[in-house]
Amino acid sequence: MSHVTLAMAAVAVSMALAPAGAMAAAGHSSETKDDDHGASAPLEQMREMHQGHEHGHDFEAIEEMPPEQVNRMMGLMRDIGIALPPLDAERGRKLFVDKGCVVCHSVNGVGVEVGPSLDAAEMPSPMNAFEFAARMWRGASAMTAMQEAEFGAVIDLTGQELADLVAFAHDAEEQKKLTLDQVPEKFRDKLAQ
């Protein structure tokens with residue numbers, strides 16, 4: 001890998017894995033944008049997140065790369081596990097209720113505590129998305145049995161959806177926005193049991 005690829009990989013990994021509070025403390029913005037601008041969106045996200053802090057990054061070298069090369073590099077990093085999909089806690093909040101996670105897990109008192117609470121205050125810091133996935137894996141047999149019993153099928157999650165749920169589980173500010181009225185009607189009767 002070239003020094004540009006390694007530099008971009010390091011920036012992408014730090015962006016994807018760091019919790020919002022730690023990023024803000026380091027002078028990074030934790031906001032992300034939808035990737036509707038092609039190759040420039042990830043670069044713009046990284047640039048915005050890294051502005052105003054003391055250590056520097058070689059964004060100029062990345063800017064010289066054609067958009068196709070940036071997209072290929074980001075795809076390669078995701079494929080080989082160097083980078084994670086962008087973490088979006090707001091989408092994670094919506095998935096938490098829409099997918100039915102709220103039937104077995106609670107966040108700030110909304111939901112059921114059949115499984116562990118997912119309150120951000122109880123999550124390990126710094127966030128480790130791989131440890132979160134490993135905890136899910138260890139509970140997979142119980143979770144899938146409960147999902148079959150409650151929904152008649154196992155909840156299907158994409159990698160992006162899992163990344164968003166991990167972000168939500170670690171974002172106290174986004175969790176404060178969760179209210180019972182956001183839970184779809186089809187799940188509300190299950191919350192009362």
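A disulfide, for this talk, is a pair of cysteine sulfur atoms within 2.5 Å. Keep that cut-off in mind for the cysteines. Before that, one caution: this is a predicted model.

Let me start with cysteine 101. Its sulfur is 8.7 Å from the closest cysteine sulfur, which belongs to cysteine 104, and that is too far for a bond. Seen from the other side, cysteine 104 is in no disulfide either, with the sulfur of cysteine 101 as its nearest cysteine sulfur, 8.7 Å away. The count by this rule is zero disulfides. As for solvent, cysteine 101 has a relative accessibility of 15%, so it counts as buried. Cysteine 104 comes out at 14% and also counts as buried.

Next, the aromatic rings. How many aromatic pairs does the structure hold? There are two.

One pair is phenylalanine 96 with phenylalanine 168. The ring centres are 5.5 Å apart and the planes stand at 45°, so this pair is classed as tilted. The reason is that tilted covers whatever is neither under 30 degrees, which would be stacked, nor over 60, which would be edge-to-face. Phenylalanine 96 sits in helix α6, residues 89–98, and phenylalanine 168 in helix α9, residues 159–169, so the pair ties together parts 72 residues apart in sequence. Both of these phenylalanines are buried.

The other pair is phenylalanine 151 with phenylalanine 187. Here the centres are 5.4 Å apart and the planes are at 65°, so the pair is edge-to-face. Phenylalanine 151 belongs to helix α8, residues 140–151, and phenylalanine 187 to helix α11, residues 185–192; the pair therefore links parts that are 36 residues apart in sequence. Is each ring buried or exposed? Phenylalanine 151, at 27% relative accessibility, counts as partly exposed. Phenylalanine 187 has a relative accessible area of 6% and is buried.

Back to α9, the helix that carries phenylalanine 168. This helix is mostly covered, with eight of its eleven residues buried. Phe168 is one of them, and the others are Glu161, Ala163, Asp164, Leu165, Val166, Ala167 and Ala169. What do the buried residues of α9 pack against? They pack against α6, β1 at 106–107, α7 at 129–138 and α10 at 172–175. Helix α6 is on that list, and α6 is also where phenylalanine 96, the ring partner of phenylalanine 168, lies.

To recap: two aromatic pairs, zero disulfides, and a mostly covered α9. That is all from me.

Terms used: Residues numbered from 1 in each chain as written. Predicted model: local features only at pLDDT ≥ 70, side-chain atom pairs only at ≥ 80, totals over all residues. Heavy atoms only, no water. Phe/Tyr/Trp six-rings, centres within 6.5 Å; stacked < 30°, edge-to-face > 60°. Helix = DSSP H or I, 4+ residues; strand = E, 2+ residues; numbered from the N terminus. Buried < 20%, exposed > 50% of the residue type's maximum accessible area, 1.4 Å probe, protein only. Contact = heavy atoms within 4.5 Å.
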